[in-house]
Amino acid sequence: MTNKRLYMDVHVIQVLPPSNINRDDTGSPKTAQYGGVRRARVSSQAWKKAIRDYFDKNSQEFEKSTRSKHIIEHVAKKVRDLDPEIEEKDAITKVEQALTTATEKRREKAVFQ
């Protein structure tokens, strides 16, 4: 089993050709002072959407994040990948028990500190 992990934190100042790439809530182009000149600005939300779309399209070899509400099924699948003889229902039960135990231990530790 290959364990590929990818962490990325990107800070970008990008020069773009004249365009109206991003608008604010009133429909006006977003702008910012940069280099002593008022310039068009692309919101961080727009950049993040573009980056998410790029990764969805181009990063199939990396395992992306899993929503926490699906963590039990995700971990159960990993357990079954390691031992295919375990039934899905049993894997889910074992994962639920492990998470419950870990949560209880964490609460106990927090109470006594």
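Colleague: Let me start with one residue, Thr31. What does Thr31 count as at 35% relative accessibility?

Modeller: Keep in mind that this is a predicted model. The idea is to sort residues by relative accessible area: under 20% is buried, over 50% is exposed, and partly exposed is in between. Thr31 has 35% relative accessibility, so it counts as partly exposed.

Colleague: Where is the place of Thr31?

Modeller: You'll find Thr31 in strand E1, which covers residues 31-34.

Colleague: And its contacts? Which residues is Thr31 in contact with, leaving aside its neighbours within four places in sequence?

Modeller: With contacts, you skip the sequence neighbours and see what is left. For Thr31, that leaves Arg38, Arg39, Ala40 and Arg41. You can also look at C-alpha distances: Thr31 and Val42 are eleven residues apart in sequence, and their C-alpha atoms are 8.0 Å apart in space.

Colleague: Let's zoom out. How many helices and strands does the chain have?

Modeller: Count the elements, then read their order. The chain has two strands and three helices, and from the N terminus on they run β-β-α-α-α.

Colleague: What share of the 113 residues in the chain do buried residues make up?

Modeller: Here the 20% cut-off is applied along the whole chain. Buried residues come to 8% of the 113 residues. The chain's accessible surface is about 10300 Å², and 52% of that belongs to carbon and sulfur atoms.

Colleague: And for contacts in the chain between residues at least 6 apart in sequence, what percentage join residues at least 24 apart?

Modeller: That one looks at how far along the sequence a contact reaches. Of the contacts between residues at least 6 apart, 25% join residues at least 24 apart.

Colleague: Now salt bridges. How many does the count come to?

Modeller: You look for a Lys or Arg side-chain nitrogen within 4 Å of an Asp or Glu carboxyl oxygen. The count comes to two.

Colleague: Which residue forms a salt bridge with Lys49?

Modeller: Asp53 does, and the closest N and O atoms are 3.0 Å apart. Now check where the partners sit: Lys49 and Asp53 are four residues apart in helix H1 (residues 44-58), so about one helical turn separates them. Lys49 is partly exposed, with a relative accessible area of 42%, and Asp53 is partly exposed at 37%.

Colleague: And which residue forms a salt bridge with Asp81?

Modeller: That's Lys77, with 3.3 Å between the closest N and O atoms. Asp81 and Lys77 lie four residues apart in helix H2 (residues 71-82), so they too are separated by about one helical turn. Asp81 is partly exposed at 45% relative accessibility, whereas Lys77 has 51% and counts as exposed.

Colleague: While we're on Lys77, how far is its C-alpha atom from that of Ala91?

Modeller: The C-alpha atoms of Lys77 and Ala91 are separated by 7.7 Å, with their positions 14 residues apart along the chain. Try Val79 too, another residue in helix H2. The C-alpha atoms of Val79 and Val95 are separated by 8.6 Å, and the two are 16 residues apart along the chain.

Colleague: Which residues does Val79 touch, not counting those up to four places away in sequence?

Modeller: Val79 touches Ile86, Ala91 and Val95. Val79 is partly exposed, with 25% relative accessibility.

Colleague: Last topic, surface patches. Which residues gather in the patch of negative charge?

Modeller: You join up like charges on residues that have over 30% relative accessible area and no salt bridge. In this model Glu73, Glu87, Glu88, Asp90 and Glu96 gather in a negative patch on the surface. Helix H3 (residues 88-112) gives the most to that patch, with three residues. Glu96 lies in helix H3, and its 36% relative accessibility makes it partly exposed.

Colleague: Which residues make the nonpolar surface patch?

Modeller: Ile71, Val75 and Leu99 make that one, and it covers about 190 Å². Leu99 lies in helix H3 and is partly exposed, with a relative accessible area of 37%.

Key: Residues are numbered from 1 along each chain as its sequence is written. This is a predicted model: local features need pLDDT of at least 70, side-chain atom pairs count only at pLDDT 80 or more; totals for chains, interfaces and linings use all residues. Side-chain values use heavy atoms; hydrogens and water are left out. Patches are made of residues with over 30% relative accessible area and no salt bridge: like charges are joined within 9 Å, nonpolar side chains (Val, Leu, Ile, Met, Phe, Trp, Tyr) within 5 Å. Accessible areas come from the Shrake-Rupley method with a 1.4 Å probe; for residues, only the protein chains shown count as cover. Lys and Arg count as positive and Asp and Glu as negative; His and the chain ends are not counted. The place of a charge is taken as NZ of Lys, CZ of Arg, CG of Asp or CD of Glu. Buried means under 20% relative accessible area, exposed over 50%, partly exposed in between (1.4 Å probe, protein chains only). Contact means heavy atoms within 4.5 Å.
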